[in-house]
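Colleague: Could you take a close look at the aromatic rings in this model, and at the charged residues that go with them? A connected account would suit me better than a list.

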Amino acid sequence: MEHEQLVDFPKAFLWGSASAAYQVEGAYNEDGKGLSVWDHFVRIPGKTFKETTGDVAVDHYHRYQEDVKLMADMGMKAYRFSIAWTRIFPEGVGQVSEAGLKFYSDLIDDLLANGIEPLVTIYHWDLPQALQDRYGGWESRQIIPDFVNYAATLFKAYGDRVSYWVSLNEQNIFTHMGWQTATHPPGKKDPKLFYQVNHHANLANAAVINKFHEMGIDGKIGPSFAYTPQYAIDSNPLNVLAAENAEEMMAHFWMDVYAYGEYPIVALNYLKARGLAPEFAPGDAALLKSAKPDFMGLNFYQTATNAWNPIGGGVENKDSYQMNTTGKKGTAKESGIPGLQKTVQNPYVATTNWDWTIDPTGLRIALRRISSRYRLPVLITENGLGEYDKLEAGQVHDDYRIDYLKKHVLAIKEALTDGVEVLGYTTWSYTDLLSWLNGYQKRYGFVYVDQDETMTGSLKRITKDSYYWYKAVMASNGDDLSLLQ
């Protein structure tokens, strides 16, 4: 629908930005911190761009006060960050690290002292390597009580100061890339195991949400889902069906469990017919049904377009799938599952150098779909543009990022006018950071950090043009988007 006038952003809207512990902290083995699966994985040759690691990252561990000051000078309202499990429990369980607890306590206090709301992500992919070695990590049901124990420790330590909690970040991504494409730890390709691992993660998520509510924490908790809305390439009914298949298997399969405690009917039937459905133990169904998230976290970067993909002669992921991790535009290849769908190029949207579609209207569509299907408020926990930023004469002119974010902010305002309840918008990311498989070449931040694949940079922080644009946006509560006009 088209509106003659858009509503204002809510007065309590959480304008902010985000990060993840492994991507910014560094200090990977300091103050008693244990090793995570990522500390191990990045040391396997060929797994990351130019063998980059998070050993130093952008040194937020030692420079958090400098970073918080930049946030305060910017007028930021909220900062979403993750806690490294191995800083709290170096072995995943057992003895708590007082140094780890203190680091995050000090960070939270510094944020609050500067009027910045801390949004804490409990798990952002950095599983303790000790648990991976001991019982296979997410492959074992033992992960459920261990994760609850870890989360309860955080609730007890910080629940008096933190009002917003993300239980799991992008469960669909860390399970898919860890057990289907082998591009994330533990680097396996086992479709049956993938669905079982994902089931364990669903159970852990539900158990932690219940624990949060049982402890009477004054706040809200929910998972954060990487949602890519699916389109059909045209109105051919088979192509529409392909898009429906993609939405069912790539979106409803996670969000239905979060909101309803049940797997979607068509998806589960498909998996059962192929012997891939997760195995339920007594009590699993009741646990999933019992957990009620307070919001749906949304990580939105792109949309995808689908066409029919026949069983005979169709595109298959194992033969053709190639993700662009180089930044060489046009190197991503078609992917698909015969009998379900294949992903095709959308002629109506632009793409980044990493072949991600740029589709602000897709964010509005995502917000509306989540709101209508699940009747939950939405917290936009990630959205941003990864690009090559150039430092020229001590400045970074990233008009392309401003343009991207401006259009997405307008899409949020349109969704609010549609009636969607949106709690906040924490962009990805605040500073430049390690981009998992892409090294430091793919930059997202408002703040440029002098660091690259040599990992010998000065780590100097330099504010980009987008920093000042977002400062004006936040100060005006979303009314002033004018730097591009």
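Modeller: What follows covers the ring pairs, then the charges over rings, then two acidic residues.

This is a predicted model, in which local features need pLDDT of at least 70 and side-chain atom pairs count only at pLDDT 80 or more, while totals for chains, interfaces and linings use all residues. Residues are numbered from 1 along each chain as its sequence is written, and side-chain values use heavy atoms, with hydrogens and water left out.

A pair of aromatic rings is described by the distance of the centres and the angle of the planes. Rings of Phe, Tyr and Trp (its six-membered ring) pair if their centres lie within 6.5 Å; planes under 30 degrees apart count as stacked, over 60 as edge-to-face and the rest as tilted. By this rule there are 42 aromatic pairs. In one of them, Trp85 and Tyr150, the ring centres are 4.6 Å apart and the planes are at 5°, so the pair is stacked. Trp85 belongs to helix 4 (residues 85–88) and Tyr150 to helix 7 (residues 143–158), so the pair ties together parts 65 residues apart in sequence. Helices here are DSSP runs (H or I, at least four residues), numbered from the N terminus. Trp85 has a relative accessible area of 0% and is buried (under 20% relative accessible area, 1.4 Å probe, protein chains only). Tyr150, at 0% relative accessibility, is buried as well.

Ring pairs also link Phe194, Tyr195, Phe225, Tyr227, Phe253, Trp254, Tyr263 and Phe280 into a cluster.

Glu248 has contacts that include Phe253 of this cluster. Glu248 is in helix 10 (residues 237–260) and is buried, with a relative accessible area of 12%. Beyond its neighbours within four places in sequence, Glu248 is in contact (heavy atoms within 4.5 Å) with Phe253, Pro264, Ile265, Val266 and Ala267. From Glu248 to Tyr263 the C-alpha to C-alpha distance is 9.8 Å, across 15 residues in sequence.

Two basic side chains lie over rings; a charge sits over a ring if NZ of Lys or CZ of Arg is within 6 Å of the ring centre and within 35 degrees of the ring normal. The charged end of Arg87 is over the ring of Phe103, 6.0 Å from its centre, and Lys442 is over the face of Trp356, 3.9 Å from the ring centre.

Asp59, in the loop between helix 2 (37–41) and helix 3 (60–74), is buried at 11% relative accessible area. Leaving aside neighbours within four places in sequence, Asp59 is in contact with Val24, Glu25, Leu459 and Arg461.

Notes. Helix = DSSP H or I, 4+ residues; strand = E, 2+ residues; numbered from the N terminus. Buried < 20%, exposed > 50% of the residue type's maximum accessible area, 1.4 Å probe, protein only.
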